[in-house]
Amino acid sequence: VASTLEVGMDDVIFDAPNTDMVPDSGPTAASRSTMVVGNLGYRAALQMKEKMGEEHAEVEVQYEHPEGHPWDQSTFKGDAYLGYGWGAACVEVEVDKITNEVTVKGIWTSHDIGRPIDELIVHGQVNGGVMQSLGYAAMEKMENRKGHFRQSSMSDYVIPTSMDFPKQEYFFVDNPYPWGPFGAKGMGELVFNGADAAYVDAVERALGISCHKIPIPVEDIEGLRK
Amino acid sequence: MIEFRLNGKPVAFDGNPLKRLLDVLRDDFGITGTKEGCGEGECGACSVLKDGKLVTSCIIPVGAVGGCDIVTIEGLRDTEQGKCLVESFAEGGAVQCGFCIPGMVMAAQALLLKNPHPTEADVRLAISGNICRCTGYDLIVESILLASRKGEGLW
């Protein structure tokens, strides 16, 4: 809104969300708030911009369902999801054939999220999601025995540190989504997908083995080689 | 009575010497910048400086800090070094949820005190005791390198 109106962020005031005031708009999932609410804010700001000369102006916009995506709320039939994020991940590994230790030499990802609204924040999210994905593939063993997690503390549920993986290369595909604010789509969950599969695939190729489970922590690799 | 220096000021704690330093800082001195992430000394969210050394306050009994110089994020951020770090973290996009950040800043300070011109590898080692789940570390590392460049002469 601030960007469209060309004012400072501090000049835009909004009430903290409160379910006493707003109707039930469904779950906060799949970044629908970014796309739907963000776009409403953008459209309202565009209308407000025409009126910036006036003393006082009020603008109200309604959600308009994009054409070509039929959805029937009473029968739950049609196109439930209008926009998809896409991504690709590439991981290069080196495996010590005596100790089975895996060193990740390079990580490359690309994502189509329409257009990032705040590239710095999104960069951090990509790094975080990719790292969580790699941790899931490489070390985050979690076993369940009779309803109890065997790895249930920071000491034994191992997640990546700053030294476990190298700096990531990433880029965004510029593919603005017509119904998202500034062309944005969601991206929170998207970035977890891909790097884990790439890691396992790389280890399979390095050792000439087949893995049918994840994670494949170092201690389990010897068993997979037999 | 356990007497020590907290962020440059002499303080005293008259309670159970086995109480965790983390709890003394948060509950008794009311400074909550130091966080509890795990309570087992593994995640680094509770990091403070004890006589210049980076330690995890969740596994240190307050009795062990008698006569020591304790610096928390609250003490650091008002110094020139602290301001440089805070600005660099903001500019560098280091922060996602923010929970690990006080500990990360303390770790950065501990590093720069010993090594004002670290390499990327030096930085990664220096923050290897601080777990972050949100950022994948890259932008934190870059922010610390940014601070060491911007803060020429501060460390």
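1. The side chains of H123(A) and Y170(A) are joined by a polar contact of 3.3 Å. As the model is predicted, this distance is a value computed from the predicted coordinates. H123(A) belongs to helix α3 of chain A. With a relative accessible area of 11%, H123(A) is buried, because the cut-off for that class is under 20%. Leaving aside residues up to four places away in sequence, H123(A) touches Y170(A), F172(A) and L139(B). The list thus includes a residue of chain B, L139(B), along with two residues of chain A.

2. Helix α3 of chain A, to which H123(A) belongs, runs over residues 119-138 and has 20 residues. From its first C-alpha to its last it reaches 28 Å, close to the 28 Å expected at 1.5 Å a residue. Of its 20 residues, 14 are buried, and α3(A) is therefore largely enclosed by the rest of the structure.

3. The contact between the chains deserves a separate point. About 2000 Å² is buried between chain A and chain B, and carbon and sulfur atoms account for 54% of it. On the side of chain A, the residues that lose the most area to chain B are M154(A), S162(A) and K167(A), which together make up 31% of what that side buries. Chain A contributes 23 residues to the contact and chain B contributes 22 residues.

4. Polar and charged interactions across this contact can be listed as follows. There are two salt bridges between chain A and chain B. K167(A) forms a salt bridge with E142(B), and their closest N and O atoms are 3.4 Å apart. K167(A) is also among the residues of chain A that lose the most area to chain B. In addition, 11 residue pairs are in polar contact between the two chains, with both residues at pLDDT 80 or more. Sorted by class, the side of chain A that touches chain B has 10 nonpolar, 11 polar and two charged residues.

5. Q151(A) lies in the loop between β6 (148-149) and β7 (169-172) of chain A. Is Q151(A) buried or exposed? At 11% relative accessibility, Q151(A) counts as buried. Its side chain reaches the backbone nitrogen of E143(A) at 2.7 Å. When residues up to four places away in sequence are not counted, Q151(A) touches K141(A), M142(A), E143(A), D156(A) and Y157(A). E143(A) therefore appears among the residues touched by Q151(A), because contact means heavy atoms within 4.5 Å.

6. Two residues other than glycine should be checked for their backbone angles. N100(A) has a positive phi of about 65° although it is not a glycine, and E6(A) has a positive phi near 60°. Most residues other than glycine have a negative phi. N100(A) is placed in the loop between β3 (86-95) and β4 (102-112) of chain A, whereas E6(A) is placed in the loop between α1 (2-5) and α2 of chain A. N100(A) is buried, at 3% relative accessibility, while E6(A) is exposed, with a relative accessible area of 63%.

7. A further backbone feature concerns a proline. The peptide bond that joins I214(A) and P215(A) is cis, with omega at about 0°. Most peptide bonds are trans. P215(A) is found in the loop between α4 and α5 (218-225) of chain A.

8. R32(A) lies in helix α2 of chain A, which covers residues 32-50. With a relative accessible area of 35%, R32(A) is partly exposed. R32(A) touches S25(A), G26(A), P27(A) and V37(A), again not counting residues up to four places away in sequence. Where does R32(A) stand with respect to M187(A)? The two are 155 residues apart in sequence, and their C-alpha atoms are 10 Å apart in space.

9. D201(A) is found in helix α4 (residues 195-207) of chain A. D201(A) counts as partly exposed, at 31% relative accessibility. From C-alpha to C-alpha, D201(A) and D15(A) are 48 Å apart in space, and 186 residues separate them in sequence.

Notes: Residues are numbered from 1 along each chain as its sequence is written. Chains are lettered from A and ligands numbered from 1 in the order in which they are written. This is a predicted model: local features need pLDDT of at least 70, side-chain atom pairs count only at pLDDT 80 or more; totals for chains, interfaces and linings use all residues. Side-chain values use heavy atoms; hydrogens and water are left out. Helices (H or I, at least four residues) and strands (E, at least two) are DSSP runs, numbered from the N terminus. The expected span of a helix is 1.5 Å times one less than its number of residues. Buried means under 20% relative accessible area, exposed over 50%, partly exposed in between (1.4 Å probe, protein chains only). Buried area is the accessible area (1.4 Å probe) that two parts lose on being put together, summed over both. A salt bridge is a side-chain nitrogen of Lys or Arg within 4 Å of a carboxyl oxygen of Asp or Glu. A polar contact is a pair of N or O atoms within 3.5 Å; within protein, one must be able to donate a hydrogen and the other to accept it, and residues adjacent in sequence count only if both atoms are side-chain atoms. Ala, Val, Leu, Ile, Met, Phe, Trp, Tyr, Cys and Pro count as nonpolar, Asp, Glu, Lys and Arg as charged, and the others, Gly among them, as polar.
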